[in-house]
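Subject: A structure for you to look at

Hi there,

Here is the structure I promised to pass on. Please have a look at it first, and then read on for what I found.

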Amino acid sequence: MANGKKKQTSTSKNKTTKAKEKQTKLKNEKKETLKVESKKETNTPKAKKKGTNQTTLNKKIDKVKVENEHNNKVQIDKGKESKEKIKKEKENHKVKNEKIASSIVASSDEMGKLIKIILVLIVIVIAFYGLTILITKFQKNTIPDRNQNDTPAVIQYDEILIGTMLKQAREEYYVLIQKDDDQYRTLTSYYLQRYSSNSKALKVYMSNMNSVYNQFYISENSNIKPNSINEFRVSKITLVKVKNHEIVEAYEGIEEIEKAFKELLSEK
């Protein structure tokens, strides 16, 4: 009996063991089948296509990464170039401003020098003109009277400029225009002294042809009866009679002037 029970137990264990081994074998066969099917699926055109697409996608991703890196590098380089360009422009602008400032300072200095020169010239001209007026005002002319033996009278004549000879305050007067070194000066002085001794004689003004202020009216071609003073020109000694600020008579040359004075003296 006991041996029978042991034999049944052993047989039961063997069956259990065989059942487990069979299950294990089935599991292994199933795994192998799955591996084979997996390999088959991998080798199929669909799987190959899927792998190719993945590779292409990876390449595109790599290409995009490279392009992004390149673009970033270009942007960085452009940023550096832009900064350098801005810096250079600022430096050029600064240099330009400095040059402009220097030019303005130089121009101001030159303008200051020019103004000083002009002022000096104005002062010289005014001084010269004033000296001329003073000399003329205090100059005394001694006119000998050929018909008298006594001491000649000292007569003072007012000197005016040709440009102002029509603007004198008197209504009627004469203007004798001649040079300082005129060869007929002695003769004209004689007639002036004779004419001025008459109480009814008109005022006689003198105008010097040598004066720098009269050079505008000195010309080789004379015009002693002009429409305006700007057209008036003399080439030699001239006597002009002015009435109401207009030239009413004019005598050019010593012959005509001597004749005019003789007529004036005969009217005494």
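What percentage of the 268 residues of the protein count as buried? The answer is 22%. Please bear in mind that this is a predicted model.

**Overall layout**

The secondary structure comes to four helices and seven strands. Starting at the N terminus, the elements follow the order α-α-β-β-β-β-α-β-β-β-α. Five strands make up an open sheet, ordered β3-β5-β4-β6-β7, and the pairing in this sheet is mixed. The edges are taken by β3 (158-159) and β7 (246-252), each with a single partner strand, so one side of each has no neighbour in the sheet.

**Strand β4 and its two partners**

I would start with β4, which spans residues 172-178. This strand is mostly covered, as six of its seven residues are buried.

On one hand, β4 pairs with β5 (residues 203-208) in the parallel sense, over six bridges. If you want a spot to centre your view on, Tyr174 stands opposite Val204 in β5.

On the other hand, β4 pairs with β6 (residues 238-243) in the antiparallel sense, also over six bridges. Two pairs are handy for finding your way here: Glu172 has Lys243 in β6 as its bridge partner, and Ile177 stands opposite Thr238 in β6.

While you follow the strands, a general point may help: in a regular strand the side chains alternate between the two faces of the sheet.

**From β4 to β5 by way of α3**

How does the chain get from one parallel strand to the other, and what is the hand of the β-α-β unit? β4, helix α3 (residues 185-196) and β5 make a right-handed one.

Helix α3 has 12 residues, and from its first C-alpha to its last it reaches 16 Å, close to the 16 Å expected at 1.5 Å a residue. α3 is mostly covered, with nine of its 12 residues buried. The buried residues are Leu187, Thr188, Ser189, Tyr190, Tyr191, Leu192, Gln193, Arg194 and Tyr195.

α3 also packs with helix α4 (residues 254-266): the angle is about 20 degrees and the axes are 10 Å apart. Angles under 35 degrees count as roughly parallel, so α3 is roughly parallel to α4. The crossing of these two helices is left-handed.

**The loop between β5 and β6**

Two residues in this loop caught my eye. Phe232 lies in the loop between β5 and β6. Is Phe232 buried or exposed? Phe232 is buried, with a relative accessible area of 0%. Its C-alpha is separated by 7.6 Å from that of Ser222, and the two residues are 10 apart along the chain.

Ile237 is also found in the loop between β5 and β6. With a relative accessible area of 4%, Ile237 is buried. Ile237 and Leu176 are 61 residues apart in sequence, yet their C-alpha atoms are 7.6 Å apart in space. Leu176 falls within the residue range of β4 (172-178), so this pair is worth finding when you turn the model around.

**The β6-β7 hairpin**

The last part to look at is the hairpin that β6 and β7 form, with two residues between them. The two strands pair in the antiparallel sense over six bridges, and Leu239 has Tyr251 in β7 as its bridge partner.

Which residues in the loop between β6 and β7 have a positive phi? Asn244, placed in this loop, has a phi near 55 degrees, a positive value in a residue other than glycine. His245, found in the loop as well, has a positive phi of about 65 degrees although it is not a glycine. As for cover, Asn244 is partly exposed, with a relative accessible area of 44%, and His245 is partly exposed too, with 43%.

That is what I have for now. Enjoy looking through it!

Best wishes

Technical notes
Residues are numbered from 1 along each chain as its sequence is written. This is a predicted model: local features need pLDDT of at least 70, side-chain atom pairs count only at pLDDT 80 or more; totals for chains, interfaces and linings use all residues. Side-chain values use heavy atoms; hydrogens and water are left out. Buried means under 20% relative accessible area, exposed over 50%, partly exposed in between (1.4 Å probe, protein chains only). Two strands pair if DSSP finds at least two bridges between them. A crossover is right-handed if, with the strands pointing away from the viewer, the path from the first strand over the helix to the second runs clockwise. The expected span of a helix is 1.5 Å times one less than its number of residues. Axes are lines fitted to C-alpha atoms, for helices over the stretch in contact, and angles run from 0 to 180 degrees between N-to-C directions. Angles under 35 degrees count as roughly parallel, over 145 as roughly antiparallel, 65 to 115 as roughly perpendicular and the rest as oblique. A crossing is left-handed if the near helix is turned anticlockwise from the far one by less than a right angle, and right-handed if clockwise.
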